[in-house]
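Q: Please take a close look at one helix-to-helix contact in this model. Some notes on ring pairs and on charges over rings would also help.

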Amino acid sequence: MLFTSISFLYYFMPIVITLYFMVPKKMQNIILFIASIAFYFYGEPRYILLILTEIFIAYLGTILIDKYRKKILLFIVIGIHIALLCIFKYTDFIISNVNSVFNTNISLLRIALPIGISFYTFQILSYVIDVYKGKVKVQRNFLKLATYVSLFPQLIAGPIVRYETIEDELDNRKHNFENFGYGVSRFTIGLAKKVLIANLLGELCNQFTNEDEKSIIFYWIFAISYMLQIYYDFSAYSDMAIGLGRIFGFHFLENFNYPYISKSITEFWRRWHISLSSWFKDYVYIPLGGNRKGIKKQIRNILTVWLLTGIWHGASWNFVIWGIMFGVILIIEKVFLGKYIEKLSNIFKRVYVLFIVMISFIIFNASNMHDAWKNIIGLFGANGESFINTYTIYYLRSYMVILIAAIIGATPIPKNLILKLRKSKKINNVINILEPICIVILLLVVTAYLVDNSYNPFLYFRF
């Protein structure tokens, strides 16, 4: 079930919210768990037993880990969850590569990928490891642990919520009008970002893919549009997840912080998909030794993290190359390039970051490296297309407004402008009056758009 579907917006969500606030406090987790299981069952009924089994393994495993403090138990529990992730996500990838290398003909299993498995597996792993380290107390109430893992606002596409973030809120959550109002507002803004910006940018990217008469300018329009689309698509889902969480009293951490204003690739990854970057830092990079054991091991650790980051995103070589590419660039920045980048003007720093990120997302988006390479060299006219043609002009005129709006919206300019206006007491009062009106209007516009349009994917659902 998509957040951006009429069934979720006008049936599932109102029913869940109504039931949640009608029942006594001690039953609210039950409502959330039942709602979350129903939400997952609607989208992936065949794998409902899988997620429940994984939760039970984590529940029983951490109780044993807490009691005996044996590292072998930690490895067993982690190994089971990683094995299940690999079986469902990477089996056919491994088989196809074995067939290619050894010229065998092993049949693919064609196992369907359980939605959200990469996200909820990492949540489970962080909980298990933190229990072993003593960072969090073991949860002996199965319902509470199951609620944490399956919580529907962030179940399908993150952000990756650490158990320590909401440990106290599983028992003690504050419900007030301020939290509810913020949650509704944040959810609606995310909804609008997804439907009114990301989806339109996605349509433009599809027009490029289906268009035979390409041009150099059209390659650039596509590259910029996809870079913006994936940002708005994923950050919009995070906005909606954070908003929904706040409605129910949970404070999820931010997942994006205007990554396209970054002045280095290192900074970019502090601002983009923060929950994933910090997860790999805390549970892979630092345990491997981080930067504490010399430059050679630091390089090894960075490459390991980014190889795993690429593989985490998908069972395809373009994701592996995408991850290694960022690992190499980060190493170059840390070892050599960083001191020179610092001397550049901010505009050159940002152009450098945006260009690398744009190229990386061309690789990320491609179904194979041949297509990725074709789209990259097309930016420089190496495919023999004209500089511009009538089709490009047509699409540029049709989508110019949304492109400009998306570029401005990806910066802190709108937010900073509003904060500046709020410094005036009179204007602040006007904004407070207009804000709920604007939220209602946005919701109506989005609803009208959803009724009339069928193009409504979420890019990160395939991960």
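A: The helix contact is described below, followed by the aromatic rings.

This is a predicted model, in which local features need pLDDT of at least 70 and side-chain atom pairs count only at pLDDT 80 or more, while totals for chains, interfaces and linings use all residues. Residues are numbered from 1 along each chain as its sequence is written, and side-chain values use heavy atoms, with hydrogens and water left out.

Two packed helices are described by the angle between their axes and the distance between the axes. Helices here are DSSP runs (H or I, at least four residues), numbered from the N terminus. Helix α10 covers residues 216–247 and helix α15 residues 346–365; their axes are 9 Å apart, at an angle of about 85°. Axes are lines fitted to C-alpha atoms over the stretch in contact, and angles run from 0 to 180 degrees between N-to-C directions. That angle makes α10 roughly perpendicular to α15 (65 to 115 degrees).

In this contact (heavy atoms within 4.5 Å), α10 contributes Trp220, Phe222, Ala223, Ile224, Tyr226, Met227 and Ile230, which meet Leu354, Phe355, Val357, Met358, Phe361, Ile362, Phe364 and Asn365 of α15. The residues of the contact of α10 with α15 divide into 14 nonpolar, one polar and no charged (Ala, Val, Leu, Ile, Met, Phe, Trp, Tyr, Cys and Pro count as nonpolar, Asp, Glu, Lys and Arg as charged, the others as polar).

As for charges over rings (NZ of Lys or CZ of Arg within 6 Å of the ring centre and within 35 degrees of the ring normal), Lys89 lies over the face of Trp312, at 5.4 Å from the ring centre. The charged end of Lys214 sits over the ring of Phe208, 4.9 Å from its centre.

Terms used
Helix = DSSP H or I, 4+ residues; strand = E, 2+ residues; numbered from the N terminus. Parallel < 35°, antiparallel > 145°, perpendicular 65-115°, else oblique.
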